[in-house]
Amino acid sequence: MKNSQTFSIHFWLKKTAIKKNGLVPIYARITVDGVRADLSLKRFIKETHWNRDAGRINPRCTTSKDINPYLDSVYSKLLNYHKQLHEENGALTAQAIKRRYLGLDKPVSTLMALIAHHRDKEMPKLKQGTAKNYAATEKYLKLYLKENLKVYDVKLVQLNFAFIDGFEHYLRHCRPICDNRPLKNNGIMKHMERFQKIVGVAHKFGWLVQNPFARYQLSFEDYESDFLEEPEIDALVNLFLSEKGLLLVRDIFIFSCFTGLTYIEVKSLKQGDIVVGIDGEQWINVRRKKTNTPVKVPLLERASEILDRYSDWPSTNNENRLLPVYSNQKVNQYLKELAQRAKIDKHLTFHVARHTFATTVTLLNNVPLETVSKLLGHTKLSTTQRYARVVEKKISKDMKLLKQHLKSRNTAEKHYQDTKHQHLRLVK
């Protein structure tokens, strides 16, 4: 840590803030390396009672018996907080000392205290879908401490590159906390990413001088997301169903296939979210729950038909929501059943509908990538390009089948020509 070259505390009168009764407020000025922070002490005196050189009230004044000991106490506390921050290897700045004095800076010195701080102060700022995933990361961190390091907590100063590398190695070889959800590379990287954000809070508040993740590189692997092709969509739509639950889940899934909305966006969709667009047709006008990005999607015919089917559903009891939607877990359970009945050999989840909209419904129908990006509410075009790579692979697969077909056809024609020539004879 870089040691402070200068540190000083002195008291002064803020004459620009003089009150109507002629009293002037006393301030403390903390200076570290030439950078200062002023602190109001909520004490007021007459300017004539102040001894500027001593930085105290003139001892002859009656108020000096109360205020001067208070100033001595403030001075002592500020010195002590300077010492604390130095020993904690924290950010030794004038503002840090001021925050510690005001109680705005509750020093966090251990990993478990940091996790608790993150859970109480930072996680409420996150979307629920994002925040819930931190619980698993916290469990893995505690297991890593217990099983590998044989401790229940460590000081923040012990968080270095070796600790981070050891945690990743542990995740790659430990038993998953959910047997049905094995840890693969991208899942491990998500845990490392969340741990990185937790540690980043400590660095931001000055509880860690250096960020141990500075030299660490997250390494996600590209993956192909499942999506339904046209025959699979038709198989699902044409599937005979008598169960109310399956019928409903199929409808909201198909609705998402033709709008690109996520589960929570479909569930939250209200009457006021259907507007008349620039073309005079109906559009969906919402904000993405994940990024708060505005999304405007023309209401395609199949999606409109589903809304018409449930036109009697919106009411004040359900906040005028357009579609009755089960819990995410129940929806995905029904989707597995639907996939089996429609003979769709894919892991069908509700998010597959969004991928289907991006690929089969839009990109494969020659909708430009930039337009698809806007329809999906992506903030980066690179996010949408992943779908384009999936489409390219499908085109490549289709072209291989075409080449095989043409090759077979050419072989058949050649065989026919050879056979034909064998039967030719000279006529005199």
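This dialogue walks through a sheet, some salt bridges, a cavity and one buried residue in a predicted model.

Colleague: Let's start with the sheet. How do strands in a sheet hold on to each other?

Modeller: Strands of a sheet pair through backbone hydrogen bonds, and the pairing can be parallel or antiparallel. Now the case here. An open sheet is built from three strands, in the order S6-S7-S8, and they pair in the antiparallel sense.

Colleague: Which strands are at the edges?

Modeller: Strand S6 (274-276) and strand S8 (294-298) are the edge strands. Each of them pairs on one side only. From one strand to the next, the twist averages 35 degrees.

Colleague: How many bridges join S7 and S8?

Modeller: Five bridges, in the antiparallel sense. Strand S7 covers residues 282-287. For one residue pair to find on screen, take Ile 284: its bridge partner in S8 is Val 297.

Colleague: Next, salt bridges. What is the general idea?

Modeller: Side chains of opposite charge can pair when their charged atoms come close. The cut-off is a Lys or Arg side-chain nitrogen within 4 Å of an Asp or Glu carboxyl oxygen. By that rule, this model has 16 salt bridges.

Colleague: What is the distance between the closest N and O atoms of Asp 38 and Arg 29?

Modeller: They are 2.7 Å apart, and the two residues form a salt bridge.

Colleague: Is Arg 29 buried or exposed?

Modeller: Buried means under 20% relative accessible area. Arg 29 has 14% relative accessibility, so it counts as buried. Asp 38 has 27%, so it counts as partly exposed.

Colleague: Where do Glu 168 and Arg 172 lie?

Modeller: Both are in helix H6 (residues 161-173). They sit four residues apart, about one turn of the helix. They form a salt bridge, with the closest N and O atoms 3.1 Å apart. Glu 168 is buried at 14% relative accessibility. Arg 172 is partly exposed at 36%.

Colleague: Which residue does Lys 346 meet in a salt bridge?

Modeller: Glu 232, at 2.9 Å from N to O. Lys 346 lies in the loop between helix H12 (328-341) and helix H13 (351-362), while Glu 232 lies in helix H8 (residues 230-237), so the pair ties together parts that are 114 residues apart in sequence. Check the accessibility too. Lys 346 counts as partly exposed, at 25%. Glu 232 is buried, at 18%.

Colleague: Which residues are linked in a network of salt bridges?

Modeller: Glu 243, Glu 337 and Arg 341 are linked in this way.

Colleague: Now empty space. How many cavities of 30 Å³ or more are there?

Modeller: The count is one. The largest cavity has a volume of about 30 Å³.

Colleague: Which residues line the largest cavity?

Modeller: Its lining is Thr 259, Gly 260, Leu 261, Glu 265, Arg 288, Val 295, Arg 354, Leu 375 and Leu 376. Sort them by class and you get four nonpolar, two polar and three charged residues.

Colleague: One last residue. Where does Phe 357 lie?

Modeller: Phe 357 is in helix H13. Its relative accessibility is 2%, so it counts as buried.

Colleague: How many residues apart in sequence are Phe 357 and Ile 45?

Modeller: They are 312 residues apart in sequence. In space, Phe 357 and Ile 45 are 71 Å apart, C-alpha to C-alpha.

Notes. Residues are numbered from 1 along each chain as its sequence is written. This is a predicted model: local features need pLDDT of at least 70, side-chain atom pairs count only at pLDDT 80 or more; totals for chains, interfaces and linings use all residues. Side-chain values use heavy atoms; hydrogens and water are left out. Two strands pair if DSSP finds at least two bridges between them. Helices (H or I, at least four residues) and strands (E, at least two) are DSSP runs, numbered from the N terminus. Axes are lines fitted to C-alpha atoms, for helices over the stretch in contact, and angles run from 0 to 180 degrees between N-to-C directions. Buried means under 20% relative accessible area, exposed over 50%, partly exposed in between (1.4 Å probe, protein chains only). On a 1 Å grid over the protein atoms alone, a cavity is a set of points where a 1.4 Å probe fits but cannot get out, and a pocket is an open set with protein on both sides within 12 Å along at least five of seven lines; lining residues have an atom within 4 Å of a point. Grid points are joined across faces, edges and corners, and a volume is the space filled by probe spheres set on the points. Ala, Val, Leu, Ile, Met, Phe, Trp, Tyr, Cys and Pro count as nonpolar, Asp, Glu, Lys and Arg as charged, and the others, Gly among them, as polar.
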